[in-house]
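Okay, thanks for coming, everyone. I'll put the model up and we'll walk through a pocket, a ligand and a loop.

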Amino acid sequence: MSSEGKDAQGFATLAVHAGVEPEPVTGAIMTPVFFTSTYVQPEPAKAKAFEYSRTGNPTRAALERAIAALEGGKHGLAFSSGMASIDAVLRLLSSGDHVVAGDDLYGGTYRIATKVYQRFGVSFTFANTSDAANVKKALRKETKLVWIETPSNPLLRITDIAAVAKIAREHGALSCVDNTFATPYLQRPLALGADIVTHSTTKYLGGHSDVVGGALVMNSDDLRARLAFLQNAVGGVPGPMDCFLVLRGIKTLPLRMDQHAKGAAAVAELLSRHPKVARVHFPGLPDHAGHSLAKKQMRNFGGMVSFELDGSVEDGKKLCTRTKVFSLAESLGGVESLIEHPPSMTHGSIEPAVRRAAGLADGLIRLSVGIEDPADLVADLEQALASI
Ligand SMILES: *Cc1c(COP(=O)(O)O)cnc(C)c1O
């Protein structure tokens with residue numbers, strides 16, 4: 001089936017079938033895991049399809065096709081981690097270039113920007129992109145890239161992808177959207193005008209907390225060529241087994257996302273009326289600043305919730321140790337529910353003053369709501385809150 005044919009299909013059908021074909025020799029329905037570093041060539045420099053597994057591998061190629069199809073994009077590239085995919089995008093830049101990025105980002109994205117790329121002469125302005133006017137204000141003549149995360153991590157702010165992509169395009173800059181929290185099931189940034197989508201496939205796409213991976217999707221042939229060159233030149237590629245695990249995870253993505261969203265809505269509802277909770281960040285709540293934009297831009301509100309207690313930072317840390325169904329751990333997007341304290345864990349690499357200025361409170365708690373029974377998740381948080 002051509003990729004165009006598959007684009008016309010429903011998302012659940014794409015999730016099961018996109019990018020994969022029965023193996024032609026044996027008919028195996030599952031994509032083989034091609035554990036090979038090299039490929040025999042019939043004549044010098046006349047490789048059939050693959051020559052060396054840093055450059056390309058059939059299991060990886062299937063994953064790249066699948067992710068591209070899910071995002072409604074033309075090209076996919078798979079990486080060894082979300083950070084390796086982010087690194088590839090930043091390597092499009094040169095010394096002297098400037099980037100406008102959200103001020104509420106995955107901690108590792110902030111770290112690679114400020115601790116790695118800034119050393120090489122790339123400068124960054126971090127702005128609250130949930131108001132697109134802030135992006136416009138932060139542009140300079142050297143701005144080559146606009147980087148957004150929506151919903152953002154960990155405050156679940158919503159940025160208008162179409163508005164920001166337009167601002168970037170009119171300025172001659174690329175726009176890149178980290179779509180890890182939403183997944184292509186909930187939102188497709190390329191259709192809204194973004195140039196590049198990045199993923200940590202470690203999270204919802206893999207979905208089972210058993211693999212680390214990343215991906216990029218783009219429509220432009222030129223961008224694909226430049227990013228594939230960087231992928232091969234730098235070498236942050238995933239192994240075939242990792243690609244198989246992400247491909248398997250993708251098959252159930254819409255089912256899992258529906259259940260994540262159900263659980264998150266139930267949990268957010270409990271937290272929003274709980275006397276010990278001061279503030280809840282969840283785009284599905286009608287009083288969330290990005291609620292109407294999220295309704296327009298996303299299919300559903302996703303599985304991430306963060307909140308602040310009406311108490312001390314110590315109470316919040318204590319809460320993280322009192323849950324029984326939610327496990328205290330970093331990461332997100334797996335089938336099991338997780339609880340964490342971003343200021344000391346996932347966002348510990350951001351200086352406290354910078355963190356606070358971006359609205360990330362010292363007592364913030366973040367939940368990755370899994371696919372367990374929503375009633376059990378609500379009961380677990382109720383008992384944990386009662387214990388502090
Ligand atoms: C986890 C994460 C990353 C980094 O991905 P890794 O797979 O851990 O390297 C980037 N962006 C977001 C939004 C993430 O949650």
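I'll start with the pocket, go on to the ligand, and finish with the loop.

One thing up front: this is a predicted model. So, the pocket. I mean the second largest one, which holds about 390 Å³ of space. It has 28 lining residues, and the closest to its centre are Met83, Tyr106, Gly108, Ser200 and Lys203. If you'd rather think in elements, helix H4 (82-90), helix H5 (107-116) and strand S6 (196-200) are the ones that give two or more residues to the lining.

What sort of residues make up that lining? You get eight nonpolar, 14 polar and six charged.

And where does this pocket sit relative to the domains? It lies between domain 1 (8-250) and domain 2 (253-386), because both of them give residues to the lining.

Okay, on to the ligand. There are 15 residues surrounding it, and the closest are Met83, Asp178, Ser200, Thr202 and Lys203. Some of those names should sound familiar: Met83, Ser200 and Lys203 were also on the list of residues closest to the pocket centre.

Let me go through three of the contacts. At Met83 it's the backbone that matters: one of its N or O atoms lies 2.9 Å from a ligand oxygen. With Asp178 we're looking at the side chain, where an N or O atom is 2.7 Å from a nitrogen of the ligand. Lys203 also uses its side chain, with an N or O atom 2.7 Å from an oxygen atom of the ligand. As for how covered the ligand is, on its own it has 390 Å² of accessible area, and the protein covers 93% of that. Careful with your notes here: the 390 for the ligand is an area in Å², while the 390 for the pocket is a volume in Å³.

Last stop, the loop between strand S4 (143-149) and helix H7 (161-171), which is where we find Pro151. Which peptide bond is cis there? The one from Thr150 to Pro151 is, with omega near -5°. Further along, Asn153 and Pro154 are joined by a cis peptide bond too, with omega about 10°, and Pro154 is in that S4 to H7 loop as well. Then there's Leu156, again between S4 and H7. Its phi is near 55°, so have a look at that one: a positive value in a residue other than glycine.

That's my tour, happy to go back to any of the views.

Methods:
Residues are numbered from 1 along each chain as its sequence is written. This is a predicted model: local features need pLDDT of at least 70, side-chain atom pairs count only at pLDDT 80 or more; totals for chains, interfaces and linings use all residues. Side-chain values use heavy atoms; hydrogens and water are left out. On a 1 Å grid over the protein atoms alone, a cavity is a set of points where a 1.4 Å probe fits but cannot get out, and a pocket is an open set with protein on both sides within 12 Å along at least five of seven lines; lining residues have an atom within 4 Å of a point. Grid points are joined across faces, edges and corners, and a volume is the space filled by probe spheres set on the points. Helices (H or I, at least four residues) and strands (E, at least two) are DSSP runs, numbered from the N terminus. Ala, Val, Leu, Ile, Met, Phe, Trp, Tyr, Cys and Pro count as nonpolar, Asp, Glu, Lys and Arg as charged, and the others, Gly among them, as polar. Domain bounds come from an automatic or database domain assignment. A residue is near a molecule or strand if one of its heavy atoms lies within 4 Å of it. A polar contact is a pair of N or O atoms within 3.5 Å; within protein, one must be able to donate a hydrogen and the other to accept it, and residues adjacent in sequence count only if both atoms are side-chain atoms. Accessible areas come from the Shrake-Rupley method with a 1.4 Å probe; for residues, only the protein chains shown count as cover.
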